[in-house]
Amino acid sequence: MSVALVVLASAANAEVLLSEDEIEQTLSFGPWPPSLQPDPSNRVSNDASAIALGAALFNDPLLSVDGAFACASCHDPEQAFTTTEARALGRVLLDRNTPSLRNLAGLRWYGWGGKSDNLWAASLHPIIADEEMAHSKESLKAAISDSPYINDFEKTFGEIQKQDPELVLVNTAKALSAFLETIITEATQFDGFRDALERGDFVEAANYPEAAQRGLQLFLGRGNCVFCHNGPRFSNNEFHDAGVPYFLNEAEVDEGRFGGLNILLSSEFTLDGDWSDDPDKQGAWAVRGVRRSHSDFGMFRTPSLRGVAETAPYMHNGNFIDLEAVIRHYSEIDIERLHADGEDILAKLSLSEQEIADLISFLVTLSSKP
Ligand code: HEC
Ligand code: HEC
């Protein structure tokens, strides 16, 4: 392992603090934006008219049975496609925080508990969930048939009256998914630093604040955040227990990954199901291979940290009001209550006030609008 320090002065006497190993690891967080392929399970992925239809439907309360809310009511485009509520307010207060819908194309799992293995299924669930938009397949078909979207819908998917209500539901979700795939965050100050390192331009790289560089060093090193928050999205997109309490009340828990698997394994809307448009069923091995185990209780999907400064509050239940509270949680984590998987990876970090501030400085540079 190389520990050579690359220290180069710029005009302002700022320097690049990272070792060669740290630089190597930093390059793995890019390039950004990633190059993406159309979703083979969605035949209207990347189709301009489907994207426009999906964007319009996303903002329209027509997608709830009584016009009570649109997707955008919870996933507000003005608020990074989430809201500032700790837990989403549907017809009742839901158990979970609303995730931001940015950078979702091409993931293996969706939802905090991974109840979907593709983006159109994740877009379909809220339309028919009783606690959210509460449509039936029939009421959705009637609503779209009578709406101003009928022409665009038929241009994209063919004559609606020839479609079974279930197909109308799936088509609606595929238009929404085609739209969601286009929501990609911009390159950030961090990406500028990373790209400068890749070019070997240490003068440019030295413009990246030293506090953020120290935070990055902690993220890669003693904090071991990179174990789960890795790759260009800063997420392995897998499930872990990060020590967030998952009791809903004295008697019930949020089952996390365990509950997500129950829904996934009984869903018709998976990559292995008839509604996928991909004859090769790419990616379906994942759902075929999953098995439930007791340790799935209380595990949640690692969130992406791109744009994280814009999406407080944090965690699956909105437990922490700001980034400082999240870092203090990792700093003081009680490993006694973690599952086996977390115990091996997470440790009580006992960070100094300076280290907490440095980690926050780093996380803020993952947003284009801090
Ligand atoms: C009542 C608030 C609410 C409404 C309305 C709503 N959502 Fe969500 N959305 C949530 C919550 C909460 C989650 C997390 C659910 C989970 O973990 O299972 C979520 C999760 C998602 C995800 C998965 C994101 C990820 O990171 O995996 C997608 C995609 C999504 N919603 C799309 C939509 C679309 C499309 C609509 C409209 C048809 C919609 N949502 C309507 C609250 C809402
Ligand atoms: C064992 C894997 C793992 C490690 C290591 C880890 N995290 Fe996380 N992180 C997660 C998971 C899982 C969640 C969501 C937990 C939940 O909602 O219950 C999360 C949530 C977060 C969030 C909130 C994001 C949001 O949108 O709600 C932030 C910020 C964060 N982690 C930063 C860090 C930092 C900084 C470190 C290092 C000190 C770190 N994580 C270490 C898995 C991990």
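How many residues surround ligand 1, and which are the closest? Select ligand 1 in this predicted model and bring up its neighbours: 28 residues surround the ligand, and the closest are Cys71, Cys74, His75, Gly111 and Arg301.

**Stop 1: the shell around ligand 1**

Colour that shell by residue class. You should get 18 nonpolar, six polar and four charged residues.

Now pick out the polar contacts to the oxygen atoms of ligand 1. Start with Arg301, where a polar side-chain atom lies 2.6 Å from an oxygen atom of the ligand. Move on to Gly111, which uses a polar backbone atom, again with an oxygen atom of ligand 1 at 2.6 Å. Then show the side chain of Arg96: one of its polar atoms is 3.0 Å from an oxygen atom of ligand 1.

Switch to a cartoon view to see where the shell comes from. Three elements give two or more residues each: helix H3 (71-74), helix H4 (119-128) and helix H7 (165-180). H4 supplies the largest share, with five residues.

**Stop 2: the iron of ligand 1**

Zoom in on the iron atom of ligand 1. Which protein atom is its single donor? Select His75: its NE2 atom sits 2.1 Å away from the iron. Trace the chain on either side and you'll find His75 in the loop between H3 and H4.

**Stop 3: the iron of ligand 2**

Now jump to ligand 2 and centre on its iron atom. Here the protein coordinates through His229 (NE2) and Tyr330 (OH), at 1.9 to 2.1 Å. His229 lies in the loop between helix H10 (210-220) and strand E1 (239-240), while Tyr330 belongs to helix H13 (residues 323-331), so the two ligating residues tie together parts that are 101 residues apart in sequence.

Is this site octahedral or irregular? Put angle labels on the six donor atoms: the angles run from 85 to 179 degrees, and the site is octahedral. For reference while you read the labels, six ideal octahedral donors would give 90 or 180 degrees.

Next, colour the two residues by accessibility. His229 counts as buried because its relative accessibility is 10%, under the 20% cut-off. Tyr330, at a relative accessible area of 21%, is partly exposed.

**Stop 4: the shell around ligand 2**

Stay on ligand 2 and widen the selection. You'll pick up 23 surrounding residues, the closest being Cys225, Cys228, His229, His316 and Tyr330. Which class is missing from this shell? Colour by class again: 17 are nonpolar, six are polar and none is charged.

Here are the polar contacts to try:

- His316: a backbone N or O atom lies 2.6 Å from an oxygen atom of ligand 2.
- Met315: a polar backbone atom is 2.8 Å from an oxygen atom of ligand 2.
- Tyr330: a polar side-chain atom lies 2.7 Å from a nitrogen atom of ligand 2.

**Stop 5: helix H13**

Tyr330 has already brought you to H13, so select the whole helix. H13 gives the most to the shell around ligand 2, with four residues. Its buried residues are Leu323, Val326, Ile327, His329 and Ser331. Add helix H15 (353-364) to the view, as it is included in what covers those buried residues of H13.

**Stop 6: two cis prolines**

Walk back along the chain from H13 into the loop that starts after strand E2 (300-301), and there you'll find Pro313. The peptide bond joining Ala312 and Pro313 is cis, with omega at about -5 degrees.

For the other stop, go to the loop between helix H1 (20-27) and helix H2 (48-58), where Pro31 is found. The bond from Gly30 to Pro31 is also cis, with omega near -5 degrees.

**Stop 7: two asparagines with positive phi**

Stay in the loop between H1 and H2 and select Asn46. Its phi is near 70 degrees, a positive value in a residue other than glycine. Then select Asn103, in the loop between H3 and H4. Asn103 isn't a glycine either, yet its phi is positive, at about 60 degrees.

Are these two buried or exposed? Turn on the surface: Asn46 counts as exposed, at 58% relative accessibility, whereas Asn103 counts as buried, at 6%.

How values were computed. Residues numbered from 1 in each chain as written. Chains lettered and ligands numbered in written order. Predicted model: local features only at pLDDT ≥ 70, side-chain atom pairs only at ≥ 80, totals over all residues. Heavy atoms only, no water. Donors = N, O, S within 2.8 Å, 3.2 Å for Na, K, Ca; no water. Tetrahedral: all angles 85-135°; square planar, octahedral: opposite > 155°, others 65-115°. Buried < 20%, exposed > 50% of the residue type's maximum accessible area, 1.4 Å probe, protein only. Near = heavy atom within 4 Å. Polar contact = N/O pair within 3.5 Å; in protein donor to acceptor, adjacent residues only side chain to side chain. Nonpolar A, V, L, I, M, F, W, Y, C, P; charged D, E, K, R; others polar. Contact = heavy atoms within 4.5 Å.
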